[in-house]
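Dear colleague,

I am handing over the structure below, with notes on what was found in it. Please read them with the model open beside you.

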Amino acid sequence: MSTLDEILKEINKAKNIVLLTHENPDGDAIGTSLALYKQLKIMNKDVELIVPKYSKTYTYLPGFKEAALEKGTREQYDLAISLDAANIKLLNGWSNYFEEAKEKIVIDHHSTNSMFGDLNYVEISSPACAQVLYEIFQYYNWDINTEIGTCLMTGIITDTGGFQYSGVSKETFIIASELLGKGVNVSKIYKQMFETHSRANFELKKIALDRMEFLEDGKIAFTYITKRDEKKVKAETGDYEGIVNEGKNIEGVEVSIFLHELDDGFKASLRSNDYVNVSDVCLIFGGGGHTKAAGATMHGSPKKLRDKIVNEVKRQLK
Ligand SMILES: [Mn+2]
């Protein structure tokens, strides 16, 4: 029996199911968990989706606001499925729903996945968890309607930066074309995700750009924002999104480092252009991710953290 067959067996067996995804959920996290939520509803499952905090950017996804719960209604579920999360720590304050479930399943595409489920389906060659989930839908012969297609397309567009990152394969375009055939409105997804920015996001970007430093002969860009900055511009969850790419897109920069203050410590986001493996760098600090996009939670002042991260990045610079 293949892992996918075993997963289907568990889904069929379960009466109630909880779906979970990582903190600071991006379009792939939200798109995949919502797509599976919709499918399980179609199958008449008692299913709950727990996403306590998310960016307004994703509220265009059909039925997302209504589906996303801050808390589960049970303590124990028959089945918990985690999507797009590389490890249990990323399920932050809601990992209890996973840990206490009778059966645990992990569906993901991160090479650093710690295989924390009873059943783990992790396809590290996929540029998005949405591509993994699409293949699962195909395998199970589950129909993809326009709404589910919109969720999957959002995941693919998010994690590939709109089909521009190196993990994109022929398969990605074939799936995108299939989804177009289901009536998915790609231009609307692009507009929502890449063109529409909140005023607070713009103001935060201004602060971060003003603070940006270039180190190691301009090969590293570094900047940060604090809770005070966020308060000043009345930022909401997710308003810091995209800032890390500002440094990455500057000529000569190999690695962009962006720190964003949390209630406790800073979340470091790293992006690289060509050859630095930022996942390796973040692993040293207890985080992880992909070769060219990774993150870690760290403690200390922005300047101290900058020096620590730069020290590790330096080892890989040519
Ligand atoms: Mn992803």
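**Domains, sheets and strand pairing**

The C-alpha centres of domain 1 and domain 2 lie 26 Å apart. Please keep in mind that this is a predicted model. The domain assignment of the protein chain places residues 3-194 in domain 1 and residues 199-314 in domain 2. Contact between the two involves ten residues of domain 1 and ten residues of domain 2. On the domain 1 side, the residues that touch domain 2 are three nonpolar, five polar and two charged.

For the chain as a whole, there are 13 helices and twelve strands. The radius of gyration of the protein chain is 19 Å, close to the 20 Å that the globule rule gives for 318 residues, so the chain is as compact as a globular protein of that length. The C-alpha trace spans about 55 × 40 × 40 Å along its principal axes. Of the 318 residues in the protein chain, 46% are buried. Among contacts in the chain with a separation of 6 or more, 66% are between residues 24 or more positions apart.

Next, the sheets. One is an open sheet of six strands, in the order 3-2-1-4-5-6, and its pairing is parallel. Its edges are strand 3 (68-69) and strand 6 (119-122), each of which pairs on one side only. Strand 6 is joined to strand 5 (residues 103-108) by four bridges in the parallel sense. Within this pair, Val-106 stands opposite Asn-120 of strand 6.

Another open sheet, also of six strands, has the order 7-8-9-10-12-11, and here the pairing is mixed. Strand 7 (213-215) and strand 11 (288-289) are the edge strands, each pairing on one side only. Helix 13 (residues 302-314) packs on this sheet and touches strand 7, strand 8, strand 9 (255-261), strand 10 (266-272) and strand 12 (293-298). The direction of helix 13 makes about 150° with that of strand 9.

Strand 8 deserves a closer look. How does strand 8 run relative to strand 7, and how many bridges join them? Strand 7 and strand 8 (residues 220-225) run antiparallel and are joined by three bridges. Leu-215 stands opposite Ile-220 in strand 8, and Phe-214 has Ala-221 as its bridge partner there. The hairpin formed by strand 7 and strand 8 has four residues between the strands, and in it Glu-216 takes a positive phi near 50°.

With strand 9, strand 8 runs parallel, and six bridges join the two. Tyr-224 has Leu-259 of strand 9 as its bridge partner. Strand 8 thus combines an antiparallel pairing with strand 7 and a parallel pairing with strand 9.

Is strand 8 buried or exposed? Six of its six residues are buried. Both faces of the strand are covered. On one side the buried residues are Ile-220, Phe-222 and Tyr-224, and on the other they are Ala-221, Thr-223 and Ile-225. Two of the residues named above for their pairing therefore return here: Ala-221, the bridge partner of Phe-214, and Tyr-224, the bridge partner of Leu-259.

Regards

Note on methods. Residues are numbered from 1 along each chain as its sequence is written. This is a predicted model: local features need pLDDT of at least 70, side-chain atom pairs count only at pLDDT 80 or more; totals for chains, interfaces and linings use all residues. Two strands pair if DSSP finds at least two bridges between them. Two residues are in contact if their C-beta atoms, placed from the backbone, lie within 7 Å. Axes are lines fitted to C-alpha atoms, for helices over the stretch in contact, and angles run from 0 to 180 degrees between N-to-C directions. Domain bounds come from an automatic or database domain assignment. Ala, Val, Leu, Ile, Met, Phe, Trp, Tyr, Cys and Pro count as nonpolar, Asp, Glu, Lys and Arg as charged, and the others, Gly among them, as polar. A residue is buried if 20 or more other C-beta atoms lie within 10 Å of its own, exposed if 12 or fewer, and partly exposed in between; C-beta atoms are placed from the backbone. The radius of gyration is taken over C-alpha atoms; the globule rule is 2.2 Å times the number of residues to the power 0.38.
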